[in-house]
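Visitor: Hi, can you walk me through this protein? I'm new to reading structures.

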Amino acid sequence: MKKTLLILLSIFLLCGCSKKNTITLSTTVTFKFFYIETCSECKAFKSNVISVLEDTFGDSIIIEQYDLDDESTQEVYDEVIDSLIDFDESYYGLGPAYALEGYFFKLGYTSGDEDYLIDDIEKAVNGEELSDELSGLRFTYQ
């Protein structure tokens with residue numbers, strides 16, 4: 001009896017741990033991640049956030065990654081920057097930076113930001129006010 005109970009509890013725990021929270025957005029969005037290869041914050045974002053966004057939003061999000069040291073990135077980056085309201089040019093070219101195309105652009109990353117980012121992506125698509133937690137160095141599109 002104890003063995004059976006232990007096996008059942010183990011199965012429930014394993015199933016509970018493997019369940020992923022998925023969110024289907026009402027529209028497909030493009031997430032552009034700009035990084036510098038030697039930047040530790042950029043590496044942390046890439047390893048901690050990109051897969052979480054893919055797992056959370058699935059086919060609702062298209063993730064594009066751009067190396068800011070690559071000349072071919074310049075045109076894409078400039079297009080995003082030129083589309084923003086009141087972008088402070090002193091931050092130009094810094095990473096990590098990411099843009100939810102048509103909604104917002106954000107500079108910097110701190111471990112744990114991914115939870116706020118997931119909420120902000122969902123809020124942006126739904127036309128809701130974005131969180132205060134990621135408001136620093138966040139710029140909106142025109």
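Guide: Let's go from the overall fold to the core, one helix and some ring pairs. One thing first: this is a predicted model.

Visitor: OK. How many helices and strands are there?
Guide: The protein has five helices and five strands. Along the sequence they follow the pattern α-β-α-α-β-α-β-β-α-β.

Visitor: How much of the protein is buried?
Guide: Of the 142 residues, 38% are buried. The accessible surface is about 8,700 Å². Carbon and sulfur atoms hold 50% of that surface.

Visitor: Where do contacts fall along the sequence?
Guide: Take the contacts with a separation of 6 or more. Residues 24 or more positions apart account for 68% of them.

Visitor: What's in the largest nonpolar core?
Guide: It has 26 residues. Those with the most contacts inside it are Phe31, Phe45, Leu53, Phe57, Phe104, Leu117 and Ile121. Two or more residues each come from β1 (29-35), α2 (40-48), α3 (50-57), β2 (61-67), β3 (97-100) and α5 (113-125).

Visitor: Which element gives the largest share?
Guide: That is α5, with five residues. Apart from this core lies another one, of 14 residues. Tyr77, Ala97, Ala99 and Phe105 are among them.

Visitor: Why would nonpolar side chains gather like that?
Guide: In soluble globular proteins, nonpolar side chains tend to be buried together.

Visitor: Back to Leu53. What does it touch?
Guide: Skip residues up to four places away in sequence. Leu53 then touches Phe31, Gly58, Ile61, Ile63, Leu117, Ile118 and Ile121.

Visitor: And its helix, α3? Which residues are buried there?
Guide: Ile50, Leu53, Thr56 and Phe57. Seen down the axis of α3, these buried residues fall within an arc of 135 degrees, so they line one face of the helix.

Visitor: Why do residues with gaps between them end up pointing the same way?
Guide: An α-helix has 3.6 residues a turn, so residues three or four places apart point the same way.

Visitor: What do the buried residues of α3 pack against?
Guide: They pack against β1, α2, β2 and α5. Just after α3 comes Gly58, with a positive phi of about 50 degrees.

Visitor: New topic: rings. How many aromatic pairs are there?
Guide: The count is 12 aromatic pairs. One of them joins Phe34 and Tyr77, edge-to-face. The centres are 5.1 Å apart, with 75 degrees between the planes.

Visitor: Where do those two sit in the chain?
Guide: Phe34 is in strand β1 and Tyr77 is in helix α4. They are 43 residues apart, so this pair links distant parts of the chain.

Visitor: Are they buried or exposed?
Guide: Phe34 is buried, at 0% relative accessible area. Tyr77 is buried too, at 2%.

Visitor: What about Tyr77 and Phe105?
Guide: Their ring centres are 6.5 Å apart and their planes are at 65 degrees, so the pair is edge-to-face. Phe105 is in strand β4, 28 residues from Tyr77. Phe105 is buried, at 0% relative accessibility.

Visitor: Which residues do ring pairs link into a cluster?
Guide: Phe34, Tyr66, Tyr77, Phe87, Tyr92, Phe105 and Phe139.

Visitor: What lies over the face of Tyr35?
Guide: Lys46 does, at 3.8 Å from the ring centre.

Visitor: Last one: where is Asp70?
Guide: Asp70 is in the loop between β2 and α4 (73-82). It counts as partly exposed, at 37% relative accessibility. Asp70 and Ile36 are 34 residues apart in sequence. In space they are 9.1 Å apart, C-alpha to C-alpha.

Definitions and conventions
Residues numbered from 1 in each chain as written. Predicted model: local features only at pLDDT ≥ 70, side-chain atom pairs only at ≥ 80, totals over all residues. Heavy atoms only, no water. Core = buried A, V, L, I, M, F, W, Y, C linked by side-chain atoms within 4.5 Å. Buried < 20%, exposed > 50% of the residue type's maximum accessible area, 1.4 Å probe, protein only. Helix = DSSP H or I, 4+ residues; strand = E, 2+ residues; numbered from the N terminus. Contact = heavy atoms within 4.5 Å. Arc of directions from axis to C-beta. Areas by Shrake-Rupley, 256 points an atom, 1.4 Å probe, with all protein chains shown as cover. Phe/Tyr/Trp six-rings, centres within 6.5 Å; stacked < 30°, edge-to-face > 60°. Lys NZ or Arg CZ within 6 Å of the ring centre and 35° of its normal.
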